[in-house]
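Me: Please take a close look at one part of this chain and set it in the context of the whole. I would like one connected account.

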Amino acid sequence: MQNQVVRPHGRQTCFFAVTNVTCDYTVNDMISFLNEKHLAVVSVFEAKSKFRTSKSFRICVNATDVARFVDPEMWPKNVIVRDWYFSV
């Protein structure tokens with residue numbers, strides 16, 4: 001997985017882009033949503049979106065939670081979850 005990072009404490013994390021999220025959603029809303037789904041959040045940042053009608057977020061989760069994080073049943077309809085690609 002290209003978006004996987006090993007942290008100094010040895011825990012592996014993965015970064016994802018979550019897009020097509022309603023405009024009124026905040027970073028705190030996303031953290032609350034993920035916590036309600038029992039996912040440990042490492043970080044959440046609002047990302048630049050190509051569209052004015054939706055928001056995007058960069059989310060980092062523990063590698064052990066990836067299968068649950070990418071499960072389409074967890075997300076509202078039309079939300080898109082994909083790997084985050086860092087600029088080189």
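Reply: From the N terminus on, the elements of this predicted model run β-β-α-β-β-α-β. That order comprises two helices and five strands. Of the 88 residues in the chain, 34% are buried. The accessible surface of the chain comes to about 6,000 Å², and carbon and sulfur atoms account for 52% of that surface. Taking the contacts between residues at least 6 apart in sequence, 63% join residues at least 24 apart.

The part chosen here is Ser43 and its surroundings. Ser43 lies in strand β3, which spans residues 41-47. Its relative accessibility is 15%, so Ser43 counts as buried, the cut-off being under 20%. Apart from neighbours within four places in sequence, Ser43 is in contact with Phe15, Arg58, Ile59 and Cys60.

One of these contacts, Cys60, leads on to the cysteines. Cys60 has 0% relative accessibility and therefore counts as buried. The cysteine sulfur closest to that of Cys60 belongs to Cys14, at 7.6 Å. A disulfide requires two cysteine sulfur atoms within 2.5 Å, so the sulfurs of Cys60 and Cys14 are too far apart for a bond. Cys23, by contrast with the buried Cys60, has a relative accessible area of 34% and is therefore partly exposed. For the model, the count of disulfides comes to zero.

In short, Ser43 is a buried residue of strand β3, and it is in contact with Cys60, whose sulfur is too far from that of Cys14 for a bond.

Notes. Residues are numbered from 1 along each chain as its sequence is written. This is a predicted model: local features need pLDDT of at least 70, side-chain atom pairs count only at pLDDT 80 or more; totals for chains, interfaces and linings use all residues. Side-chain values use heavy atoms; hydrogens and water are left out. Helices (H or I, at least four residues) and strands (E, at least two) are DSSP runs, numbered from the N terminus. Buried means under 20% relative accessible area, exposed over 50%, partly exposed in between (1.4 Å probe, protein chains only). Contact means heavy atoms within 4.5 Å. Accessible areas come from the Shrake-Rupley method with a 1.4 Å probe; for residues, only the protein chains shown count as cover.
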